[in-house]
Amino acid sequence: GPGQGPAPPGIAGQTGGCGVAGDRMTDTRRRVKVYTLNEDRQWDDRGTGHVSSCYVERLKGMSLLVRAESDGSLLLESKINPNTAYQKQQDTLIVWSEAENYDLALSFQEKAGCDEIWEKICQVQGKDPSVDITQDLVDESEEERFDDMSSPGLELPSCELSRLEEIAELVASSLPSPLRREKLALALENEGYIKKLLEIFHVCEDLENIEGLHHLYEIIKGIFLLNRTALFEVMFSEECIMDVIGCLEYDPSLSQSRKHREFLTKTAKFKEVIPISDPELKQKIHQTYRVQYIQDMVLPTPSVFEENMLSTLHSFIFFNKVEIVGMLQEDEKFLTDLFAQLTDEATDEEKRQELVNFLKEFCAFSQTLQPQNRDAFFKTLSNMGILPALEVILGMDDAQVRSAATDIFSYLVEYNPSMVREFVMQEAQQNDDDILLINLIIEHMICDTDPELGGAVLLMGLLRTLVDPENMLATANKTEKTEFLGFFYKHCMHVLTAPLLANTTEDKPSKDDFQTAQLLALILELLTFCVEHHTYHIKNYIINKDILRRVLVLMASKHAFLALCALRFKRKIIGLKDEFYNRYIMKSFLFEPVVKAFLNNGSRYNLMNSAIIEMFEFIRVEDIKSLTAHVIENYWKALEDVDYVQTFKGLKLRFEQQRERQDNPKLDSMRSILRNHRYRRDARTLEDEEEMWFNTDEDDMEDGEAVVPPSDKTKNDEDIMDPISKFMERKKLKESEEKEVLLKTNLSGRQSPSFKLSFSSATKSNLTSQSSASNLPGSPGSPGSPGSPGSPGSVSKSTSQMAAITTK
C-alpha cells in the first residue's frame, strides 16, 4: 500500500494485493516481534514490525510477511505450508518450525492481531481456528513417496512389559526422520500412550526389573526429543511429572540410579514467602521449577545433534515464566503484603532474606518479558514502593540480604535510571544526606569486604549509569541533567570523595594496601568520567576542594595501577584545554608530583614513563601556551637531559618561538584572529566537529596539500608571508627528524614537498570552520595539487584547527 516504500527485492514478482494497507503500518494490532531460536536454545529478538499475509508468486502460496517498523525492510517472509504444525500459545504467540533446526515465533502486541493471523493460517491448512495447534497429517500420496511404510499412521506395539525393548527400538529409529517423528508423536498422543508407559514403570519398579527400567529411560528420553508441546503437556501434568522424572533416574550408562524424586520431594522445599491464593498460579510455579530441574539436572547434556530437539522444552519454560510474572503482577494483595513485610522492622531476619530472594528472582523472571510488558512490570513495582523498600533493606546488617537488594537495584538502574534519579531527588527534600539511597550505595561500595571488590565494581557501574548525562532526559520545562547533577554534587559527591581525601592528607598515601588502592582506583575512574561529562559542576568541585592536588598524592603509591589512575585523571583535565583548569594547575604547581614520579621512575621503559611523556607531548602538539611556559620555566632543569624522545626539547622550542612572537606583534595579531574564531565555539560542538574531521576520508587528504585559493598578491601579503616562511624554514630544519611538520598558524597541512600559501588581498578575511569543508585540501572545488602522501599517522590532532581563508 502507499507509505510502504518500494517492495524489497524478495517479493518483486508477487501478484494480488498484500493484506496490509498503508495506514496499517502504524496500527498496533498487527505489530509483532519476530523471534528465532538460537543454538543455546534462547529466543533471539530479530526485530519489531507489522505482519501481513498475502500470496507470494515466488513461493507459490499464501505467506506471512513482516516488515520492519524502522525502515520497512522485510524481516520475515514465510510460506504457510499446508503441513507445518503452527502452534498458538497464550493468546499472543504463534510458534512453528520453519525447517529442521529452525524455529520461529511471532509475538503480537494485541490478541486481536494474533487471532487474525491465526485464522489465516488455519484457513490455508483447512483447520478450525479454535484449535491451538494445527495438527499435521501428511496426505497419502506424499507419504508413499517418502516412506516405505504404506500404512497411513504408525502402529505402536501394545504397551506391555514384554515389548518395552521393541518400543525403545521403534522410538530410537524414528528420531532421525522428520516424517516418522511426526507419526510417532501423533500415535503417542492419540492413544494416551504415555500414561500407559508410566503404569508399566510402576510395575518395573515394584519388580525391580532393571532391564525394563533402562528401556523406559530410553523411551522417555526419546519422547523428549520429539519436541512436541502436546506431549509435554501430558508429561508435565501434576499426575505424570514425578513418574517421568522417575523413568529418567534409570540411566543405563550409570552404575546406579540417581535419586531425583527424593530430592524434589524431600530436599527442595517450596517456600511461600507470602501465601499465594491462586491455585493455578501455585501449580504453574511448581511445574516450572520441576521442568527447569528436568532440563538442567535430569536430562543428559544434549549432544550437538540433539541441541535443537529440546527447543520446545525451553520455550515451555520461557513462556511459563512470562505467565507467572503476569499473574503475580496482577495480584495486588500479594505484592502489597510482600513490600509491607520487607520493610517491617518486626520481620525476622530469615523471613526477610526469603522475601528479598523472592523479589530478586521475580525481577530475574521479568527479563523474559516483552519490552511493553516489562514497562508495566517495573511501573507496578515502582508504584508499590520498591525504591524506599530497597533503601530500608540496604541499611540492614545482613550481608546476604544487602547483596540481593543490590542485584534488584541494578535491574532498576539498568532498566530506568530516570526513575531512580527522580526518587532520590524527591527524597533529598525530606531526609539527611547520610541516609539517601545513592549515599547508601556509595557507602556499600566503600565498605565492600571482598578483597577483590566484586560488589564495589558492580556498584560503581551503577553510579556511573546514574550520573551519565547521555541517558538523561530533557523535557520542555526542566532538564534532568542540571537538576540531578546539582543534587549529586551537593548531597553525594562529598561521600564519594571522602576515602580519597582521608588518604591524601600528607605527601604520600596514608594507607597503601591493595584493597584501599583498588577502591581509590574505582573512585578515580568515576571522577575521571565526571571530568569528561560534567563540565562546570566538576570544575567548581575540583578547584574549590583542591581535588587534583589530593589525587596527585597517589602518584607516590607503590601500586602502579593507582599511580596511573591518578595520572589519567590529570591527563583528562589537561585534555580539556580549559584555561580555568590550567591556571589552577599552575598556581598550585601541580606538575611537581608528575615530574617527581617521572624522575623516580628513572630510565625504566614502562607504562608510567610512556604515559607521562604522552602528557607533555600532548601539551607540545596542542601548543597549550600557558602550560608550555609553566613547565619550561619551572622544570626545565629536571627534564633537559631527556633525549631519548624529542618531547622536552620540542617544548623548549615552542617556548622560545612563543617569546619570539611576542616581539613580533603583527604575526601575533593574525594568530589571535584565528584563535578567537576557534575558541568561541562551544566545547561540545567542537568535539563533534573534530570527530567529523577525523572521520573524513583519509585518502582525500593525502593527495592535496594545504592549498588556499590563490588571489592577487599585494604588498601587505608579503609582510605577513615573510616571518611565516622564515619561521617555516627554521621549523623544518628543527623538526625534520620528527613525524609531523605543522604550519602552526592554525593553517596546517599534510607533509608535502612544498607549501603553497597565498593570502587574499581583501582586507577582511572570512574564516570558515572546517565543518563547511568546501575549501579543504582534496575536497571538491579546491585545486589540489598532487603532493606526496603524508606518512601514516602524520595528521596530528591539530589538524582539527584547520581554518581555510577565503576572499570575502
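This passage describes selected helices, cysteines and contacts in a predicted model.

Helix H10 spans residues 279-298 and holds 20 residues. From first C-alpha to last, H10 reaches 27 Å. That is close to the 28 Å expected at 1.5 Å a residue. Many positions of H10 are buried. In the first part of the helix these are Leu281, Lys284, Ile285, Gln287 and Thr288. Further along come Arg290, Val291, Tyr293, Ile294, Gln295 and Val298. The list includes nonpolar residues such as Leu281 and Val298, but also Lys284 and Arg290. The buried residues of H10 pack against four helices: H6 (210-225), H8 (241-247), H9 (260-267) and H11.

Helix H11 covers residues 311-330 and contains histidine 314. The relative accessible area of histidine 314 is 12%. Histidine 314 is therefore buried, as the cut-off is under 20%. Beyond its neighbours within four places in sequence, histidine 314 contacts Arg41, Gln42 and Gln295. Of these partners, Gln295 is itself one of the buried residues of H10.

No disulfide is present: a search of the whole structure finds zero. Cysteine 204 and cysteine 247 illustrate this result. The cysteine sulfur closest to that of cysteine 204 belongs to cysteine 247, at 8.8 Å. A disulfide requires sulfur atoms within 2.5 Å, so this pair is too far apart for a bond. The relation also holds from the other side, with cysteine 204 supplying the nearest cysteine sulfur to cysteine 247. Both residues are buried. Cysteine 204 has a relative accessible area of 0%, and cysteine 247 is likewise at 0%. Cysteine 247 falls within the residue range of helix H8 (241-247), one of the helices against which the buried residues of H10 pack.

A nonpolar patch lies on the surface. Leu161, Val203 and Leu207 make up this patch, with an area of about 240 Å². Leucine 207 belongs to helix H5, which runs over residues 193-207. The relative accessibility of leucine 207 is 56%. Leucine 207 thus counts as exposed, the threshold being over 50%.

Glutamine 353 sits in helix H13, residues 349-366. At 19% relative accessibility, glutamine 353 counts as buried, because the limit is under 20%. Its contacts reach along the chain. Not counting residues up to four places away in sequence, glutamine 353 touches Asp398, Gln400 and Val401. Alanine 399 lies 46 residues from glutamine 353 along the chain. The C-alpha atoms of glutamine 353 and alanine 399 are separated by 10.0 Å.

Terms used. Residues are numbered from 1 along each chain as its sequence is written. This is a predicted model: local features need pLDDT of at least 70, side-chain atom pairs count only at pLDDT 80 or more; totals for chains, interfaces and linings use all residues. Side-chain values use heavy atoms; hydrogens and water are left out. Helices (H or I, at least four residues) and strands (E, at least two) are DSSP runs, numbered from the N terminus. Buried means under 20% relative accessible area, exposed over 50%, partly exposed in between (1.4 Å probe, protein chains only). Contact means heavy atoms within 4.5 Å. Patches are made of residues with over 30% relative accessible area and no salt bridge: like charges are joined within 9 Å, nonpolar side chains (Val, Leu, Ile, Met, Phe, Trp, Tyr) within 5 Å. Accessible areas come from the Shrake-Rupley method with a 1.4 Å probe; for residues, only the protein chains shown count as cover. A salt bridge is a side-chain nitrogen of Lys or Arg within 4 Å of a carboxyl oxygen of Asp or Glu. The expected span of a helix is 1.5 Å times one less than its number of residues.
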